[in-house]
Amino acid sequence: MSEFEFNAPSYLVRPNLEVAFSQKFRSFKYQLRQNYFRIDKGNEQIEAAIQAGLDPNAWKSKEQILAEVPVGVTPSNWTAFAENEFKEGVRESHEKKSENKKKCTMLHTLGRRTYANKCHLLAEEDGMLTEDREYPWMKGHEKRDGTVHPSTVEKYEQVKAVYEKRKENGTNCSYDFGSDGLVDVFGPDKGKRSLRGFSSIVSAKLLQLTNATLPSSD
């Protein structure tokens with residue numbers, strides 16, 4: 001090995017790199033759109049666009065974008081990326097996600113993982129299977145060092161207090177989405193097809209029906 005190579009086995013390095021890969025990849029794509037897709041590239045260009053009656057946030061034509069391949073990006077990958085960005089509905093999806101993100105006052109620490117993924121990881125790490133929503137919700141707002149995201153501290157402590165009280169009293173809230181700790185703190189779930197701290201695509205009714213058809217473990 002040369003002095004500039006990592007002297008560590010890949011099976012140890014890869015998991016640590018993968019933790020931050022999705023966020024870095026999203027940030028990289030965002031910067032590509034900001035730097036190569038938009039008309040403006042500075043104050044002078046913004047002013048010129050406004051004077052010409054153009055939206056400074058507007059994109060260049062696809063032909064212009066395809067002709068400006070960024071350094072470090074292969075032409076084939078750049079073409080595929082640009083073609084995908086110009087598909088119907090893609091830009092509108094970006095704008096909708098951007099608006100939704102501005103409305104978020106509490107940030108989770110799941111990255112691109114779902115709560116179902118988080119439950120699976122908890123089962124592997126802690127050796128426990130949980131059917132409560134409170135526990136994975138709390139874990140989904142903790143950083144890797146165990147601290148809670150600053151935007152969530154108040155609600156986190158409220159959920160934790162309710163969760164611990166229910167555990168002390170021996171109350172079983174498994175799949176009881178109408179009266180568990182998250183309902184106590186946040187109120188009833190507003191989405192008919194989603195469950196806070198559980199899934200964005202599964203409703204409480206569907207999950208209860210599915211659970212009722214599963215064989216008993218007794």
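**Notes on an all-helix model**

Of the 218 residues in this protein, 25% count as buried. Bear in mind that we are looking at a predicted model. Here is what I noted while going through it.

1. **Overall layout.** The protein has 10 helices and 0 strands, so the order along the sequence is simply α-α-α-α-α-α-α-α-α-α. Take the contacts between residues at least 6 apart in sequence: 47% of them join residues at least 24 apart. The protein exposes about 15,800 Å², and carbon and sulfur atoms supply 53% of that area.

2. **The largest core.** Which residues touch the most other members of the largest nonpolar core? They are Tyr135, Trp137, Met138, Tyr156 and Val159, in a core of 13 residues. Two or more residues come from each of α6 (115-126), α7 (134-139), α8 (153-169) and α9 (181-186). Helix α8 gives the most to this core, with 4 residues.

3. **Met138 in detail.** Leaving out residues up to four places away in sequence, Met138 touches Tyr156, Val159, Lys160 and Tyr163. If you want to look at the largest core on screen, Met138 is one of the residues that touch the most other members.

4. **A second core.** Apart from the largest core lies another one, of 8 residues. Its members include Leu32, Trp59, Ile65 and Trp78. Trp78 comes back in the next point.

5. **Aromatic pairs.** The structure holds 6 aromatic pairs. In the pair of Trp78 and Phe81, the ring centres are 5.8 Å apart and the planes sit at 35 degrees, so this pair is tilted. Both residues belong to helix α4 (residues 75-85), where they are 3 residues apart, about one turn of the helix. Both are buried, too. Ring pairs also link Trp78 and Phe81 with Tyr36, Phe37 and Phe86 into a cluster.

6. **Arg33 and Glu85.** The count of salt bridges comes to 5. In one of them, the side chains of Arg33 and Glu85 meet at 3.4 Å, N to O. This pair links distant parts of the chain: Arg33 is in helix α1 and Glu85 in helix α4, 52 residues apart. Are the two partners buried or exposed? Arg33 counts as buried because its relative accessibility, 14%, is under 20%. Glu85 is buried as well, at 3%.

7. **Lys62 and Glu83.** Helix α4 also takes part in a salt bridge between Lys62 and Glu83, with the closest N and O atoms 3.1 Å apart. Lys62 lies in helix α3 (residues 62-67) and Glu83 in α4, so the pair ties together parts that are 21 residues apart in sequence. Here both partners are partly exposed: Lys62 has a relative accessibility of 25%, and Glu83 has 33%.

8. **Lys139 and Glu142.** Another salt bridge joins the side chains of Lys139 and Glu142, at 3.4 Å from N to O. Lys139 is partly exposed at 24% relative accessibility, whereas Glu142 is buried at 15%. The cut-off of 20% falls between those two values, so the partners end up with separate labels.

9. **Met106 in its loop.** Where does Met106 sit? Its place is in the loop between α5 (90-103) and α6. With a relative accessibility of 28%, Met106 counts as partly exposed. Not counting neighbours within four places in sequence, Met106 is in contact with Ser151, Thr152, Lys155 and Phe186. Take Lys155 from that list: Met106 and Lys155 are 49 residues apart along the chain, yet their C-alpha atoms are separated by 8.9 Å.

10. **A nonpolar patch on the surface.** Phe21, Phe25 and Phe28 form a nonpolar patch on the surface. Together these three phenylalanines have about 330 Å² of accessible area. Phe21 belongs to helix α1 (residues 10-37). At 55% relative accessible area, Phe21 counts as exposed because the cut-off for that label is over 50%. Helix α1 also holds Arg33 of the salt bridge with Glu85.

Definitions and conventions: Residues numbered from 1 in each chain as written. Predicted model: local features only at pLDDT ≥ 70, side-chain atom pairs only at ≥ 80, totals over all residues. Heavy atoms only, no water. Patch = residues over 30% accessible without salt bridge, like charges linked within 9 Å, V, L, I, M, F, W, Y side chains within 5 Å. Areas by Shrake-Rupley, 256 points an atom, 1.4 Å probe, with all protein chains shown as cover. Salt bridge = Lys/Arg side-chain N within 4 Å of Asp/Glu carboxyl O. Buried < 20%, exposed > 50% of the residue type's maximum accessible area, 1.4 Å probe, protein only. Contact = heavy atoms within 4.5 Å. Core = buried A, V, L, I, M, F, W, Y, C linked by side-chain atoms within 4.5 Å. Phe/Tyr/Trp six-rings, centres within 6.5 Å; stacked < 30°, edge-to-face > 60°.
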